[in-house]
Amino acid sequence: MTELAVDVVGVTKRYGDLVAVDHLSLQVAPGEVYGVLGPNGAGKTTLLRMLFGLIRPDSGTVRVFGRTWADAGVHLLDGVAGFVESPRFYPYLTGLQNLEGLALLDGSRSRGRVAEVLEVVDLADRRHDKVGGYSYGMRQRLGVAASLLREPRLLVLDEPANGLDPGGIRDMRALVKRLAASGLTVLLSSHHMDEVEEICDNVTIMRRGTVAFHGSISDLRAMAPDPGHVLRTGDDVEAVAIAIGRHPDVDVQPDPDGGLVATGQPVRLSAYVADLVRADIPLLELTPTQTPLEALFFMLTEAEVHEEHEPVGAAR
Amino acid sequence: MTGLAAALRWETRKLRAQLRTKALLLGALIAPVAVVLVVQSQPRPPKDTLFGRFATENGYAMTLLVLGFAAQWVLPLLTAIVAGDIFASEDQHGTWKTVLTRSTSRTTLFTAKVAVAVVFGLLALVVLAASTIAASVLVVGHEPLIGLSGQAIGARAALELVSASWASTALPMVGFTCLAILFSVWSRNAAVGIAAPVVLGLVMQLVGALGGIETLRPFLLTTPFESWHGLLAAPRFTGPLLDGVVTSTGWSVVCLLAAYVILRRRDITGG
């Protein structure tokens with residue numbers, strides 16, 4: 001049986017009365033790109049902090065490549081790298097000095113890789129600049145470089161695209177995909193559904209410290225509701241009448257912000273829109289409200305407390 | 001390279017890269033020269049101060065005058081500027097998680113930081129002492145010194161005793177280093193880590209000056225700063241020096257143990 005890269009079993013962490021993580025279990029297989037998704041405050045960062053030993057769980061077990069903090073101590077992190085929240089560095093040192101210092105703590109293997117990892121994250125030409133002058137995106141990339149120094153088998157990234165501009169997000173995702181393609185196990189936390197969908201194989205969606213969904217991205221897609229669209233026409237009353245009369249599979253409701261919201265499978269929705277055009281109803285706007293996965297994410301993470309239920313998705 | 005050796009090198013590199021570290025050592029080198037020149041230029045010597053009466057006539061008296069003044073708050077401040085910041089700055093920069101996610105234990109980092117802070121404090125003391133002695137002897141002179149019992153002390157013996165007097169402040173200074181480390185770890189705030197030991201030192205001096213607290217005085221961390229007085233009396237007595245060793249060591253051990261326990265138990269969340 002292959003040893004799991006990460007095996008979290010029944011972990012709970014409380015801060016006073018607040019239960020940040022509540023009996024959480026998840027497993028990440030070697031070579032997998034795994035997403036932990038949830039809104040802010042769902043417990044993602046707390047989970048990663050426990051993984052790195054920055055905080056200790058009140059109960060449960062965290063195993064990384066079969067090792068626990070109790071039996072391996074800091075050696076649990078051998079072969080593991082990454083960052084929790086945004087990566088932080090010493091602002092009065094240059095990027096190069098920061099990496100050289102961290103390589104010093106890592107040992108001899110890392111020290112020869114400083115120049116190489118700076119190239120990988122496109123920071124070689126800014127290596128002599130003090131980190132205090134780096135942009136947020138550059139610090140994120142330096143964080144990835146600092147992680148790669150350790151030649152990890154498991155890379156843990158906490159919202160790596162957080163705070164980046166669109167270009168930075170694109171570059172960061174491309175970098176993570178490139179690393180994942182090299183066979184590295186990646187555990188990635190995010191609150192962006194599209195990021196996880198684009199990068200990850202499997203996902204755990206967290207809500208208030210618990211698991212709301214657990215399974216593959218394809219399982220998640222299968223559960224996604226029909227997409228909703230904002231529809232603005234020249235005659236909304238007639239548009240609703242056509243939907244009721246000829247397209248019962250498309251749900252058309254007035255939008256509180258004006259216009260209509262049409263929900264249905266893409267094929268049905270296309271037929272409905274074609275009918276509107278044939279009926280000479282001017283079509284002013286047709287835009288998706290949110291992607292199906294986004295809609296599912298909100299359904300799973302914004303459920304009221306009294307609606308809490310067992311996590312959905314495949315058990316692992 | 002072992003984990004501790006690597007951590008020591010890393011902490012030393014960081015300290016060397018900071019401007020204030022260089023400024024502190026430069027200050028410790030230059031300030032005594034300025035102080036000696038200012039005191040020497042005064043028309044009347046500070047007679048109410050220990051060795052003040054002879055300070056403008058005798059270089060060794062001048063250096064002991066400066067020592068008495070420095071022990072009040074300069075030495076605690078000198079060491080606290082680095083020791084009070086060395087842990088708190090990791091919180092300030094949010095870098096605890098950066099270093100603790102690299103297979104480096106808290107114990108290793110704690111040991112390295114303590115060692116670097118202590119060595120820096122002692123280095124600053126050596127620079128300050130050497131500069132004070134050199135400036136005093138060069139500017140004021142190196143005549144035989146009149147001791148606390150009125151005895152004459154030859155120039156060579158005076159130099160040895162003055163050096164020993166400065167050396168006697170090393171252990172209480174280490175005590176203040178450890179106190180600053182404790183405040184730095186506990187408060188996670190560099191300002192508290194730097195200011196609190198100095199303020200506490202001034203309070204201890206105030207308490208030590210009060211009457212009727214003879215049983216408490218030996219336990220104050222500021223008392224060992226005065227233990228060198230016995231070296232300049234006739235006959236010489238070293239009891240306060242030995243008491244000072246015990247007091248300083250006690251404060252150092254207690255502060256370091258408390259700081260270590262706090263750091264070990266801490267959840268690294270923000271930093």
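**Exercise 1. Find out what the buried residues of α2(B) pack against in this predicted model.**

Solution. Start with the partners: the buried residues of α2(B) pack against two helices of chain B, α3 (59-86) and α6 (106-139). Next, pick out the residues themselves: Leu24(B), Ala28(B), Pro32(B), Val35(B), Val36(B) and Val39(B) are the buried ones in α2(B). Before you go on, look at the confidence: chain B has a mean pLDDT of 94, and 99% of its residues reach 70 or more. For the model, the scores are ipTM 0.87 and pTM 0.84.

**Exercise 2. Check whether the length of helix α2 of chain B agrees or disagrees with its number of residues.**

Solution. Take the helix, residues 19-41, and note that it has 23 residues. At 1.5 Å a residue, the expected span is 33 Å; the span counts one less than the number of residues. Now compare: the end C-alpha atoms of α2(B) lie 32 Å apart, which agrees.

Then follow the axis. At Ala28(B), α2(B) bends by about 30 degrees. Look a little further along and you meet a proline, Pro32(B), within four residues. Both Ala28(B) and Pro32(B) are among the buried residues of this helix.

**Exercise 3. Work out which strands stand at the edges of the sheet in chain A.**

Solution. Write down the order: 6 strands form an open sheet, β5-β6-β7-β3-β8-β9, with mixed pairing. β5 (80-83) and β9 (210-216) of chain A each have a single partner strand, so one side of each is left without a neighbour in the sheet. On average, neighbouring strands here are turned by 15 degrees against each other, direction ignored.

Finish with the helix: α7 (residues 166-181) of chain A packs on the sheet and touches β3, β6 (154-158) and β7 (185-190). Its direction makes about 150 degrees with that of β7(A).

**Exercise 4. Describe the surroundings of β7(A): which strands pair with it, and is it enclosed or open?**

Solution. Take the pairings one by one. β3(A) runs parallel to β7(A), with 5 bridges, and Gly35(A) stands opposite Leu188(A). β6(A) is also parallel to β7(A) and joined to it by 5 bridges; here Leu157(A) has Leu188(A) as its bridge partner.

Now turn to the side chains. In a regular strand they alternate between the two faces of the sheet. Thr185(A), Leu187(A) and Ser189(A) point one way, while Val186(A), Leu188(A) and Ser190(A) point the other way. Finally, 6 of the 6 residues of β7(A) are buried, so the strand is largely enclosed by the rest of the structure.

How values were computed: Residues numbered from 1 in each chain as written. Chains lettered and ligands numbered in written order. Predicted model: local features only at pLDDT ≥ 70, side-chain atom pairs only at ≥ 80, totals over all residues. pLDDT = per-residue confidence, 0-100. Bend = angle between axes of the 7 residues up to and from the residue. Buried ≥ 20, exposed ≤ 12 C-beta atoms within 10 Å, placed from the backbone. Contact = placed C-beta atoms within 7 Å. Pairing = 2+ DSSP bridges. Axes fitted to C-alpha atoms, helices over the stretch in contact; angles between N-to-C directions.
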